[in-house]
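Let us walk through this structure step by step. Keep the sequence and the 3D view side by side as you read.

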Amino acid sequence: MQFRMLGPLQMYDDRRRAATELTSPLQQRLLKALLAHPNTLVPASVLVRELWGGRPPQKAGNALQAHASRLRRAMERAEPGGPGAARLVARDAGYLLRVGPEELDSARFRLGVRRARALAGSDPEEAGLLLRQALSRWRGDALAGPRGPAGDALAVVLEQERLGALEAVFDLSLLTGQHRRIVPELREAVLAHPARPRFREQLGRALAGPRVTPPPAGGGRALRPVPPAPGDARSGGGGGAGSGELDRLRALVERIASDQHALRSAIAQLSELVGRTAA
């Protein structure tokens with residue numbers, strides 16, 4: 001079975017090719033907290049805070065035990081004939097979730113990213129393909145839905161890793177001359193993440209379209225720009241027409257990001273005003 005965290009939380013049975021999602025918000029919080037510390041004993045006091053924050057119910061220990069039992073049964077249903085009953089273990093006033101690295105989509109994603117980075121110097125095209133395969137595991141926001149502090153922290157870490165892998169994909173695409181292909185993706189990334197300047201810089205480079213030579217057959221690491229043909233408007237050197245075009249494109253990217261930020265701010269202000277008016 002796989003525990004899918006790169007999107008809404010799912011338990012996926014590889015044999016039946018069936019996904020199971022938890023309908024209980026508290027069981028979602030519980031499983032996310034345990035997945036944040038796999039194969040580690042998590043004290044019951046920590047899990048109580050994950051489920052109810054600073055306002056736990058009376059007899060919170062008994063309530064936690066009941067939710068753990070329901071979660072265990074849900075795992076058994078998600079993986080008929082599997083080790084569901086043995087996965088979630090109650091021990092020493094806490095709980096431990098047994099899960100192998102191959103059963104976490106986050107671990108598979110990280111493995112793909114590591115392999116791609118190891119290849120980036122010698123085979124950037126293959127490295128880019130590996131990164132895209134790793135990113136294809138994402139189905140939405142990490143651990144989307146109800147979660148406690150541990151789930152929140154894990155979601156932030158995973159999202160930063162996703163954005164780092166996406167930046168690496170764009171860098172490799174620029175190195176291998178795939179500028180036009182990634183312009184729509186970069187525009188989307190700039191709009192989605194206006195506070196991340198690297199996407200804006202990469203979009204400017206993609207729009208300018210400098211060309212590079214393929215890597216040497218012997219596995220050399222360096223890629224060097226191809227000198228532009230005379231009169232090539234994409235050239236960025238010498239302060240000529242190409243330089244002016246590059247400056248214009250960079251200014252356009254900055255304006256897009258600024259307009260997006262202003263739009264989001266205006267929507268937030270409007271929502272607040274509507275709320276006050278309704279009150």
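Start with the empty space. In this predicted model, the largest pocket holds about 280 Å³ of space. Its lining includes R132, L135, W138, R162, L166 and F170. E185, E188, A189, A192 and H193 also line this pocket. By class, the lining has 6 nonpolar, 1 polar and 4 charged residues.

Now look at where these residues come from. Helix 6 (124–135), helix 7 (149–175) and helix 8 (179–192) each supply at least two residues of the pocket lining. Helix 8 gives the most, with 4 residues.

Two of the lining residues, R132 and E185, also meet through their side chains. They form a salt bridge, at 2.9 Å from N to O. This pair links distant parts of the chain: R132 sits in helix 6 and E185 in helix 8, 53 residues apart. How exposed is each partner? R132 has a relative accessible area of 23%, so it counts as partly exposed. E185 is partly exposed too, at 29%.

That contact is one of 13 salt bridges in the structure. Another joins R87 to E103, with the closest N and O atoms 2.7 Å apart. Here R87 belongs to helix 4 (residues 84–87), while E103 lies in the loop between strand 6 (94–97) and helix 5 (105–119). The two are 16 residues apart. Both R87 and E103 are buried.

A third salt bridge pairs R198 with E167, with 3.3 Å between the closest N and O atoms. R198 is in helix 9 (residues 197–208), and E167 is in helix 7, 31 residues away. Are these partners buried or partly exposed? R198 is partly exposed, with a relative accessible area of 36%. E167 is buried, at 6%. The pair does not stand alone: salt bridges with shared partners join E167, D171, R196, R198, E201 and R205 into one network.

Next, go back to the start of the chain. There, 3 strands form an open sheet in the order 1-2-3, with antiparallel pairing. Strand 1 (2–4) and strand 3 (18–20) stand at the edges. Each has a single partner strand, so one side of each is left without a neighbour in the sheet. From one strand to the next, the twist averages 30°. Strand 1 is joined to strand 2 (residues 10–13) by 3 bridges. In one of them, Q2 has Y12 as its bridge partner.

Finish with helix 1 (residues 25–35). This helix is mostly covered, with 8 of its 11 residues buried. Among them are Q27, Q28, L30 and K32.

Conventions. Residues are numbered from 1 along each chain as its sequence is written. This is a predicted model: local features need pLDDT of at least 70, side-chain atom pairs count only at pLDDT 80 or more; totals for chains, interfaces and linings use all residues. Side-chain values use heavy atoms; hydrogens and water are left out. Two strands pair if DSSP finds at least two bridges between them. Axes are lines fitted to C-alpha atoms, for helices over the stretch in contact, and angles run from 0 to 180 degrees between N-to-C directions. On a 1 Å grid over the protein atoms alone, a cavity is a set of points where a 1.4 Å probe fits but cannot get out, and a pocket is an open set with protein on both sides within 12 Å along at least five of seven lines; lining residues have an atom within 4 Å of a point. Grid points are joined across faces, edges and corners, and a volume is the space filled by probe spheres set on the points. Ala, Val, Leu, Ile, Met, Phe, Trp, Tyr, Cys and Pro count as nonpolar, Asp, Glu, Lys and Arg as charged, and the others, Gly among them, as polar. Buried means under 20% relative accessible area, exposed over 50%, partly exposed in between (1.4 Å probe, protein chains only). A salt bridge is a side-chain nitrogen of Lys or Arg within 4 Å of a carboxyl oxygen of Asp or Glu.
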